[in-house]
Amino acid sequence: MAYVGCGVVLLAGCASMPDSGDLRGVESTPRQDAQVRVFAVPPRENATPAEIVQGFLEALTSDDPHYETARQYLTGGASQHWRAAASTTVLDEGPIPVAEHTGPRDNGEEGYTYALTGDKSAVVDSEHAYTPASGTYGKTVHLSLQKDKQWRIDALPQGVVMGASDFQRNYVSVNKYYFASNSPVGTNRQLNTVADPVYVRKQVDPVTQMVQALLKGPTSWLAPVARSAFPTDTALKKGVTSLTADDQNKLTVPLDKAADRVGQTQCNRMAAQLLFTLQDLSPTGVDTVQLQRSDGSQLCVLAEDRAEAVAEHGTGRKPEFEYFIDGKHRLVRMSTTGKAPQPVSGALGTGDTELRAAAVSGDEDAAAGVSLDGRSLYVGSLASGGSLGSALLRSDGASADDRLTTPSWDNGGDLWVADRDPDNPRLLLFENGTGDPVEVATPGLDGRIDAVRVAADGVRIALIVEKDGRTSLQIGRIEREQGSDGHTTVAVLELRSVTPQLESVTAMSWAGDSRLVVVGRESGGVQQIRYVQVDGSTPDTSAPTSLTGVKQIAASEDERLPLVAYSEDGIVRLSSGAQWQKVVKDGMAPVYPG
């Protein structure tokens, strides 16, 4: 097995194990370069039970596509019933095998039982979805002596288990892309994409893994608010086990009969999903997708430069301006290239109504502002000459910190804000940024909402939630239902914390299709800025450079644009590959459109 330009690392496995002595813990393999391939070693002749357990656990961390070497440590029956793809349990360190029982079983057969222990940090389920986890891992494996006098594992837990460093070496996070359920359904309307992050094994044909994962549909958490253009139960054509782009960077994807009758518009949407997904799996060298019917005939071909016409994709949105509140409590804007800030056109830029926070609609035609005392919410046009009018909402909170949060616009032009009044805390939605508010149901919310940011896709929402002096970042799913009376009911469901390791979160902003930038601190730690995925994992990107006294932060879902923050130095900006630069001393509440 030779690979040009790649290192080949053989796991020590049984070959490095002593013939006798106590068990030792399975240390996590030090993180390897992305191009290094790791291969497992099969069990040696007459290996001891300890060596069999050790070798099996090490084989789980290899790049063996179907765990064929790991299965050599199992009996035939155990291998047949073991489902490696059922889950991946990630421990802080590698699993530690401890001898729990030796001696004959009830049937008189000699056997050994070992407990596998460790501290859990995450679980990746059968849908490839990542979930942070905590607590103690405790499973057992049992070994028996076979007729050929070789020890093999005859009972074991489903799935695989490994340490965090092995997981980082073996797996990569990739966004699958679907269409938000609030997207228009007309055949000629542009759809909105929504990212569905999953983890796949990075050295085991990731292109094919991602295509198969995409075809299976959204993960369970996202499924109620996302839809796929692929017909239900669509799969790769029978017999197709691997997909590879040709020398023209075109990937041909043969589908089964479920997709044979789709039309051109639907096929283009299917191809767009594939292109957006494979672009996130970098580098794949795929810039054109061809879909085929089950008989091999062409369904459609879509190139990268045409995909943006099919769907509005996160990386295609680029705001014209960054915004903040200046020292005169006006809404001002500055170009994303760094020109000097100027007051916006319209009433919110005059200073007649002093502001403490604002939000700008995605099309940058309108803005919402919260008064300096936090009591009133206004909405105004960003066209010159527009009047502000009366407040859209007033809070009865006793202090500014118990009143309105910074508002947030979704991609449909609806405006979101939370009232922090302890006597009447609520999350509110103004359809089209006007009229009477819709009170949003938040079943499962445990605490008070201190900050609100809606994702560009309009179906996910990030909330900073405070309870008993602790604040956490939680992600929820936005579900809407149109009643027979024409009224819309809205709920934020299945809230989940994505920063369990942080004791407090003071600021956050969406910073990509499935990524947020967060300001917070761990218990006993100092303030830090970090990126976090919506599934609670840490993205494989460098954290922003440190900055003192950050109070608010803003990022664009276009990851190419700079971070903007309000710190003890005023309004500052961080461009890629640079250091923080001061924009103005007097200013606060920076925001990008949305």
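In the predicted model, F167 is buried, with a relative accessible area of 7%. This residue is found in helix 4, which spans residues 164-170. When residues up to four places away in sequence are not counted, F167 touches T88, V90, V124, Y130, M162 and Y199. One of these partners, T88, is 79 residues from F167 in sequence, yet the C-alpha atoms of F167 and T88 are 8.9 Å apart in space.

A buried position was also found outside the helices and strands. P562 lies in the loop that runs between strand 35 (552-554) and strand 36 (563-567). The relative accessibility of P562 is 6%, and the residue therefore counts as buried, the cut-off for this class being under 20%. Beyond its neighbours within four places in sequence, P562 is in contact with E322, T336, A554, R573, L574, S575 and Y592. By contrast, D485 is 77 residues from P562 along the chain, and the C-alpha atoms of P562 and D485 are separated by 45 Å.

Burial was next examined for whole helices. Helix 1, comprising residues 49-59, is mostly covered, with 11 of its 11 residues buried. The buried residues of helix 1 include the charged residues E51 and E58, together with I52, V53, F56 and L57. Helix 5 (residues 206-215) is likewise mostly covered, nine of its 10 residues being buried. The buried set in helix 5 consists of P206, V207, T208, Q209, M210, V211, A213, L214 and L215. The cover over these buried residues of helix 5 includes strand 10 (171-180), strand 11 (191-201), strand 13 (250-254) and helix 6. Just after helix 5, G217 adopts a positive phi of about 100 degrees.

The packing of helix 5 against helix 6 was then described in terms of axis geometry. The two helices pack at an angle of about 135 degrees, and their axes are 10 Å apart. Angles from 115 to 145 degrees fall in the oblique class, and helix 5 and helix 6 are therefore oblique to each other. The crossing of helix 5 and helix 6 is right-handed. On the helix 5 side, the contact is formed by V207, M210, V211 and L214, which meet Q273, L274, T277 and L278 of helix 6. By residue class, this contact of helix 5 with helix 6 comprises six nonpolar residues, two polar residues and no charged residues. The helix 5 participants V207, M210, V211 and L214 are also among the buried residues of that helix.

Helix 6 also takes part in a covalent link. A search of the whole structure finds one disulfide, which joins C267 to C300 with an S to S distance of 2.0 Å. The angle about the S-S bond is -80 degrees, and the link of C267 and C300 is left-handed. C267 lies in helix 6 (residues 264-280) and C300 in strand 15 (residues 298-303), so the disulfide ties together parts that are 33 residues apart in sequence. Both cysteines are buried: C267 has a relative accessible area of 0%, and C300 has a relative accessibility of 1%. Helix 6 is thus connected to strand 15 through C267 and C300, while Q273, L274, T277 and L278 of helix 6 meet residues of helix 5.

Definitions and conventions. Residues numbered from 1 in each chain as written. Predicted model: local features only at pLDDT ≥ 70, side-chain atom pairs only at ≥ 80, totals over all residues. Heavy atoms only, no water. Disulfide = S-S within 2.5 Å. Helix = DSSP H or I, 4+ residues; strand = E, 2+ residues; numbered from the N terminus. Buried < 20%, exposed > 50% of the residue type's maximum accessible area, 1.4 Å probe, protein only. Axes fitted to C-alpha atoms, helices over the stretch in contact; angles between N-to-C directions. Parallel < 35°, antiparallel > 145°, perpendicular 65-115°, else oblique. Left-handed = near helix turned anticlockwise from the far one by under 90°. Contact = heavy atoms within 4.5 Å.
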